Amino acid sequence: MESKLKELKARLLEVYDLEAVSSVLQWDQATYMPAGGTRARAQQIRAVRQLAHDKFTDVAVGRLLDELRTLEQDLPYDSDDASLIRITREDYERAIRVPTDFMGDFHSHVAESYQEWTRARPADDFEAMVPYLERMVEFSRDFADFFPGYESVADPLIDYFADEGYKASEVQAIFADLREQLVPMAEAIADSVEPEDEFLYRHFPKEEQLAFGLEVVKRFGYDLERGRQDLTHHPFTTTFSTGDVRITTRVHENDLRSALFATLHEGGHALYEQGVRTKLEGTPLARGASAGAHESQSRLWENLVGRSRVFWEVFFPALQARFSEQLGAVSLDEFYAAINKVEPSLIRVEADEVTYNLHVMLRFDLEQELLEGRLAAADVADAYNARFEQDLGITPPDNRDGVLQDMHWFGHFLGAGYLGYTLGNIMSAQFFGTALRQRPRISDEMREGVFDALHGWLREEAYGHGRKFKAPELLERATGQPLSIEPYVDYLTEKYTALYNL
Ligand code: ZN
């Protein structure tokens, strides 16, 4: 039995290595590659991915997984090897249901659709994207049909691509509850006095911004012996091994928030990936549990820590020292209010903590309607605007900064691309609240700008497990509770009541 397990691991290591190669190619494309490399790079990535897919779906892998059933049953459920066999079998059984040609056609569609989107968005040309979106709806439905017996069309897509273990109906119910809390909160804030934030948009030299952000994530525990930071257009984190987890960011010299919070956000993703136990390396378990679980960590470090008053009590003097001309006359309270300013705005990725989820939830609901045939692709722009006005009180002036702003629906299956953002926010408060309760030292340390106890708790309860447990299970093991909006709503209520005198 041990030799079978060894053979399985050897095969999985090959897949892991090929996937890492593909990640290096993608990282390079998003950071340093000249535009001329685009076409060839797409082929190279596809070739390596195809190889990884073929190796993973080899019948020999299926046979080994069958033969290892008894070993799996003999081992404790939460042992590394039992988890490896269990999770790999689920991955395998899913992967073999999707024909290689289907994914090839899908990727070709995505390449064309994305290309057209890069033209259509600045041209505010929604009409041009309608056929691509129609095709994407078909692809998504066809994909779901490889997994008959689902309750919602989105369920197989969520399982496969994003947040396994959460059903669309369940997520919709949770989101509806959250929306009921957030809409009145955003309205009450809109009626309050706006904080001054002009000083965030002064000129902040790029190198200084980068140095400050990196200094903070190092303090969080991001290990630069096993990571580095580079510039890109859309910040992301990528993992080549537990010894090489890289973050990327972008800088706007006239907006202090952009690089700073993107760096803290990606730093959170990177802490998760660097925290996976090295024993899991080379297996499908050597990454985060799900999109939502990952986002819970990026948002925890970005918002619950990085936008908290206690954090800035320590770090604002350091920021002021770096930018004395720009921020020398600004008080801590003014700065804290400015970085937490709530304002209904058009663009999801720039939204504040309160309104951000409204952007996500309306997209998730529209996706469900599209997938279930209740909404036609041609009517999505109108539906988007109507819902946007209802939830955020403003109407997008055009489709460019409305329904066309994100590439998700033009470059990804529907149903799975958005929910992780809000699931992550909800989970972030659950993880953070539990950590603070279980380890009082965390709060004491944070007042000194030290994060060892928090990072340690998260490593033990979440990061170290990698993908051994699905997100709902991981959350319940760590916090003792299933997914609940309560800690998140409490967090937002407490914070914004104080900030806005609600
Ligand atoms: Zn993220």
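1. Let's start with histidine 269, which sits in helix H11. Keep in mind as you look at it that this is a predicted model. With a relative accessibility of 11%, histidine 269 counts as buried, because the cut-off for that label is under 20%. Leaving aside residues up to four places away in sequence, histidine 269 touches Thr237, His294, Glu295 and Ser298.

2. One of those contacts, Glu295, turns up again at the metal. Which atoms coordinate the zinc ion? They are NE2 of His265, NE2 of His269 and two OE atoms of Glu295, at 2.1 to 2.7 Å. Helix H11 covers residues 256–275, and histidine 269 lies in it while glutamate 295 lies in helix H12, so this pair ties together parts that are 26 residues apart in sequence. Glutamate 295 counts as buried too, because its relative accessibility is 9% and the limit is under 20%.

3. Try reading the zinc donors off the sequence. Their spacing along the chain is H-x3-H-x25-E. Now for the geometry: the 4 donor atoms make angles of 49 to 121 degrees, and the site is irregular. For comparison, four tetrahedral donors would ideally have angles of 109.5 degrees. Why isn't this site called tetrahedral? That label needs all angles between 85 and 135 degrees, and the range here starts at 49, so the site is irregular. One caution: water is not among the atoms, so sites may look incomplete.

4. Next, have a look at glycine 288, in the loop between H11 and H12. Is glycine 288 buried or exposed? Buried, because its relative accessibility is 6%, and under 20% is what the label takes. Where does the chain come back to meet this loop residue? Glycine 288 and arginine 467 are 179 residues apart in sequence, yet their C-alpha atoms are 5.4 Å apart in space. Not counting residues up to four places away in sequence, glycine 288 touches Tyr272, Glu273, His294, Gly466 and Arg467. His294 is also on the contact list of histidine 269, so to speak a name worth finding in the viewer.

5. Arg467 also appears at a cavity. How many cavities of 30 Å³ or more are there? The count comes to 2. The second largest cavity has a volume of about 30 Å³, and its lining is made by Ile87, Glu164, Ala289, Arg467 and Lys470. That lining splits into 2 nonpolar and 3 charged residues, with no polar ones.

6. The largest cavity has a volume of about 50 Å³. Around it you will find Arg363, Tyr384, Gly402, Val403, Gln405, Asp406, Trp409 and Tyr418. By type, 4 of these lining residues are nonpolar, 2 are polar and 2 are charged.

7. Last stop: the second largest pocket, with a volume of about 560 Å³. Its lining has 21 residues, and those nearest its centre are Leu304, Ser308, Phe432, Tyr491 and Glu494. Which elements give two or more residues to this lining? Helices H12 (291–305), H13 (309–322), H19 (419–438), H20 (441–446) and H23 (486–500) do. H23 gives the most, with 7 residues. The lining of this pocket comprises 11 nonpolar, 4 polar and 6 charged residues. H12 is worth a second look, as it also holds glutamate 295.

How values were computed
Residues are numbered from 1 along each chain as its sequence is written. This is a predicted model: local features need pLDDT of at least 70, side-chain atom pairs count only at pLDDT 80 or more; totals for chains, interfaces and linings use all residues. Side-chain values use heavy atoms; hydrogens and water are left out. On a 1 Å grid over the protein atoms alone, a cavity is a set of points where a 1.4 Å probe fits but cannot get out, and a pocket is an open set with protein on both sides within 12 Å along at least five of seven lines; lining residues have an atom within 4 Å of a point. Grid points are joined across faces, edges and corners, and a volume is the space filled by probe spheres set on the points. Helices (H or I, at least four residues) and strands (E, at least two) are DSSP runs, numbered from the N terminus. Ala, Val, Leu, Ile, Met, Phe, Trp, Tyr, Cys and Pro count as nonpolar, Asp, Glu, Lys and Arg as charged, and the others, Gly among them, as polar. Donors are N, O and S atoms within 2.8 Å of the metal (3.2 Å for Na, K and Ca); water is not among the atoms, so sites may look incomplete. Four donors count as tetrahedral if all angles lie between 85 and 135 degrees; four count as square planar and six as octahedral if opposite donors are over 155 degrees apart and all others between 65 and 115; anything else is irregular. Buried means under 20% relative accessible area, exposed over 50%, partly exposed in between (1.4 Å probe, protein chains only). Contact means heavy atoms within 4.5 Å.
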